[in-house]
Amino acid sequence: MTAIVAVRYFASSGLFAWISARRVPGIHDRLGPQMRREIGWSLVSAAVFGIPAGLVAWGWQERGWTRIYEDWSAYPLWYAPVSVLLYLFAHDTWFYWTHRWMHRPKVFRKMHAVHHASRPPTAWAAMSFHPYEALTGAVVIPALVFLIPIHVAMLGVVLGVMTVMGVTNHMGWEMFPRRLVHSKLGGWLITASHHQRHHEEYRCNYGLYFRFWDRLCGTDRGLSPNA
């Protein structure tokens, strides 16, 4: 599972780094040492993510411990997309509050400073975490599969969304159409221009997928003009 996470990281971050170089030439030309550090920390994170994922996969296949199911008839079809939203909202809630906690000065220095050493972040920074921070992210989905039923295909959708948004939010430029980002729907979703502001100002925009908690808690400061 560690190898799978590492390959997924290289495939997704590599693809969007390539897109960045084509769409915004020169944007990261002077960040070679930083990107090498990001890759190094990300490979450490791959191991941290891979261990609980491997245990869950074994428990599912060999012991039936989880609530992952393969038979579409086990639950109504309408539940399939609902389960994806439940997982994303639960993950987003955990991420918001642990992320905000990691911005306390003492915790920040020990756990979160590695991630914020990426100035500006690049596509390679999506998993650039200190192992302690990586651990807070690695336990979420493995915990949820014991609590919330989900079809294995829908779990793949959750992991896909998690991967794509984790990478695209760190590219330093906005790849999604302006009409989407500035629409009513876009006002509730997090994209690069929203997360870029977090990396610029630190004390705002803590969410991962949705702006719900930022808006509710008064920590949403809108979009960065630099992304």
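Contact here means heavy atoms within 4.5 Å. With that in hand, here are some close-up views of this predicted model.

**View 1. Gln 34, a buried residue of helix H2, and its surroundings**. Let's start inside helix H2, which covers residues 32-63 and includes Gln 34. The relative accessible area of Gln 34 is 6%; buried means under 20%, so Gln 34 counts as buried. Which residues does Gln 34 contact, once neighbours within four places in sequence are left aside? They are Ala 117, Ser 118, Arg 119, Pro 120, Pro 121 and Thr 122. Look at Arg 119 in particular: its backbone nitrogen is 3.2 Å from a polar atom of the Gln 34 side chain.

**View 2. Helix H2 crossing helix H5**. Staying with H2, we now turn to its meeting with H5. The two axes come within 9 Å of each other and cross at roughly 40°. H2 and H5 are therefore oblique to each other, and their crossing is right-handed. On the H2 side you will find Trp 41, Val 44, Ser 45, Val 48, Phe 49 and Pro 52, which meet Pro 131, Ala 134, Leu 135, Gly 137 and Ala 138 of H5. Sorted by class, this contact has nine nonpolar residues, two polar ones and no charged ones.

**View 3. The buried residues of helix H5**. Helix H5 spans residues 131-138, and Glu 133, Ala 134, Thr 136 and Ala 138 are buried in it. Which helices do the buried residues of H5 pack against? Their partners are H2, H3, H4 and H6, the last of these running from 140 to 144. Two of these buried residues, Ala 134 and Ala 138, also appear among the H5 residues that meet H2.

**View 4. Helix H1 against helix H7**. Here H1 (residues 2-23) packs on H7 at an angle of about 45°, and the axes are 10 Å apart. That angle makes H1 oblique to H7, and the crossing of the pair is right-handed. Arg 8, Ser 12, Ser 13 and Phe 16 are the H1 residues to look for. Across from them, H7 supplies Leu 159, Met 162, Thr 163, Val 164, Val 167 and Thr 168. The contact of H1 with H7 is made up of five nonpolar, four polar and one charged residue.

**View 5. Helix H9, largely enclosed**. Why is helix H9 described as largely enclosed by the rest of the structure? Seven of its 10 residues (192-201) are buried, so the rest of the structure largely encloses it. The buried ones are Ala 192, Ser 193, His 194, His 195, Gln 196, His 198 and His 199. These residues pack against H3 (79-101), H4 (105-116), H7 (152-168), H8 (178-181) and H10 (212-217). Just beyond the helix, look for Tyr 202, which takes a positive phi of about 70°.

**View 6. Phe 210 in the loop between H9 and H10**. Follow the chain onward from H9 and you reach the loop that holds Phe 210. Not counting residues up to four places away in sequence, Phe 210 touches Leu 88, Phe 89, Asp 92, Trp 188, Leu 189 and Ile 190. For a sense of scale, the C-alpha atoms of Phe 210 and Val 139 are 20 Å apart, with their positions 71 residues apart along the chain.

**View 7. Thr 219 in the segment after H10**. Is Thr 219 buried or exposed? Its relative accessible area is 7%, which places it among the buried residues. The Thr 219 side chain makes a polar contact with the side chain of Asp 214, at 2.5 Å. Leaving out residues up to four places away in sequence, Thr 219 touches Tyr 96, Arg 100, Cys 204, Asn 205, Tyr 206, Trp 213 and Asp 214.

**View 8. Asn 226 and its partner Glu 200**. Our last stop is Asn 226, also in the segment after H10. At 57% relative accessibility, Asn 226 counts as exposed. Neighbours within four places in sequence aside, Asn 226 is in contact with Gly 172 and Glu 200. With Glu 200 there is a polar contact between the two side chains, at 3.1 Å. Asn 226 and Glu 200 are 26 residues apart in sequence, and their C-alpha atoms are 9.5 Å apart in space.

Terms used:
Residues numbered from 1 in each chain as written. Predicted model: local features only at pLDDT ≥ 70, side-chain atom pairs only at ≥ 80, totals over all residues. Heavy atoms only, no water. Buried < 20%, exposed > 50% of the residue type's maximum accessible area, 1.4 Å probe, protein only. Helix = DSSP H or I, 4+ residues; strand = E, 2+ residues; numbered from the N terminus. Axes fitted to C-alpha atoms, helices over the stretch in contact; angles between N-to-C directions. Parallel < 35°, antiparallel > 145°, perpendicular 65-115°, else oblique. Left-handed = near helix turned anticlockwise from the far one by under 90°. Nonpolar A, V, L, I, M, F, W, Y, C, P; charged D, E, K, R; others polar. Polar contact = N/O pair within 3.5 Å; in protein donor to acceptor, adjacent residues only side chain to side chain.
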